[in-house]
Amino acid sequence: MSKNEERPVRASDKVSAVLARDEGLVEIFASHSPQFARLRNPGMRRVMARLVSVEQAAKICGAEPGALVRELNAALGFAAEADGDPVEAPTGTAVAVSGAVDVQGGSHPWAPDAPITTVDVREDLKKGQEPFSKIMAAVAGLGDAGVLCLRATFEPVPLFAVMQKRGYAHIAEELSTEDWRVWFYPGAEPAARGRAAASASATDDAPVVAANASEVVLDVRGLEPPEPMQRTLEALTDLPDDAVLIQVNVRIPHFLLPMLKERGYDYEMHEPEEGKVVVRIWRVVTDPAA
């Protein structure tokens, strides 16, 4: 029995970790929302369950997090009163709306002339594909005032914290069953960026440590996807052209590697020991005189 199986389910546990303990628990999630009935599909579990915590799942399906935790623990044979860890307030800046956002009429919090980029990942999610790279590629091209309109099959709660760190607030609209539209627009207080942020984040889950003037080490071991890729792409945003980013991972980052080539980076990779993969990443600088 693993250590996780020896303790009650916690609100912060990923749904994937809960289902790994007993796949039959999917029926509890499904009973709260038709969206979670799709977790019966192995492909959807690969995408959705590993990104969403029990607390976030409760928010998505409109359930009370503590009640969902108690129900899961009761099914696993733990005391009914075991709630797990305290439930925290959702991260990020949100605006509650009733009805749809009136884009044409100007009833929205962003500038009237702000460019809007629409990304529809509904089909990707239905096929069990990972849409994070497509979303982040669109975010990279937004510019300072751009707005992202995301269409998804469920409320993408885990993405809210990622975007808040980049300085985006959001408005989420449920248009119909399995059809959500989320607007991400400049408005949240962004997390500190640049070299100062790199040294300060040494206490974070994925520390960034400046080894010298030309190297930055990013250790993403212990994080669940898509956090390793997201943090790597964020670090590359502030990386000088003559510097090297060293990502330390527990596995080969298959989704990240093709994105590096697309964005003008090259890399080399080696595995110094089992369970440790080191990827050195640098920007390919072309000679303008060539």
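A salt bridge here is a side-chain nitrogen of Lys or Arg lying within 4 Å of a carboxyl oxygen of Asp or Glu. By that yardstick, the side chains of D124 and K134 pair up, with N and O 3.0 Å apart. D124 sits in helix α7 (residues 122-126) and K134 in helix α8, so this bridge links parts that are 10 residues apart in sequence. The two partners can also be told apart by their surroundings. D124 has a relative accessibility of 13%, and since anything under 20% is called buried, that is how D124 counts. K134, at 38%, is partly exposed. All of this is read from a predicted model.

The D124 and K134 pair has company: a search through the whole structure turns up 13 salt bridges. As for the general idea, side chains of opposite charge can pair when their charged atoms come close.

Another bridge reaches further along the chain. R280 pairs with E215, and their closest N and O atoms are 3.3 Å apart. Here the link is between strands, because R280 belongs to β10 (residues 276-283) and E215 to β7 (residues 215-219), so the parts tied together are 65 residues apart in sequence. R280 is partly exposed, with 23% relative accessible area. Some bridges also share partners, and in this way D120, R122, R151 and D179 are joined into one network.

Then there is the bridge between R70 and E64, whose closest N and O atoms are 3.8 Å apart. How much of each partner is accessible, in relative terms? For R70 the value is 31%, which makes R70 partly exposed. E64 comes out at 45% and is likewise partly exposed.

Back to helix α8, the home of K134, which also packs against another helix. The axes of α8 (residues 132-140) and α9 (residues 157-165) come within 13 Å and cross at roughly 30°. Angles under 35 degrees count as roughly parallel, so α8 and α9 are described as roughly parallel to each other. Their crossing is right-handed. On the α8 side, the contact is made by F132, I135, M136 and V139, while α9 brings in L159, V162 and M163. What kinds of residues make up this contact? The tally is 7 nonpolar, with no polar and no charged residues.

Key:
Residues numbered from 1 in each chain as written. Predicted model: local features only at pLDDT ≥ 70, side-chain atom pairs only at ≥ 80, totals over all residues. Heavy atoms only, no water. Axes fitted to C-alpha atoms, helices over the stretch in contact; angles between N-to-C directions. Helix = DSSP H or I, 4+ residues; strand = E, 2+ residues; numbered from the N terminus. Parallel < 35°, antiparallel > 145°, perpendicular 65-115°, else oblique. Left-handed = near helix turned anticlockwise from the far one by under 90°. Contact = heavy atoms within 4.5 Å. Nonpolar A, V, L, I, M, F, W, Y, C, P; charged D, E, K, R; others polar. Buried < 20%, exposed > 50% of the residue type's maximum accessible area, 1.4 Å probe, protein only.
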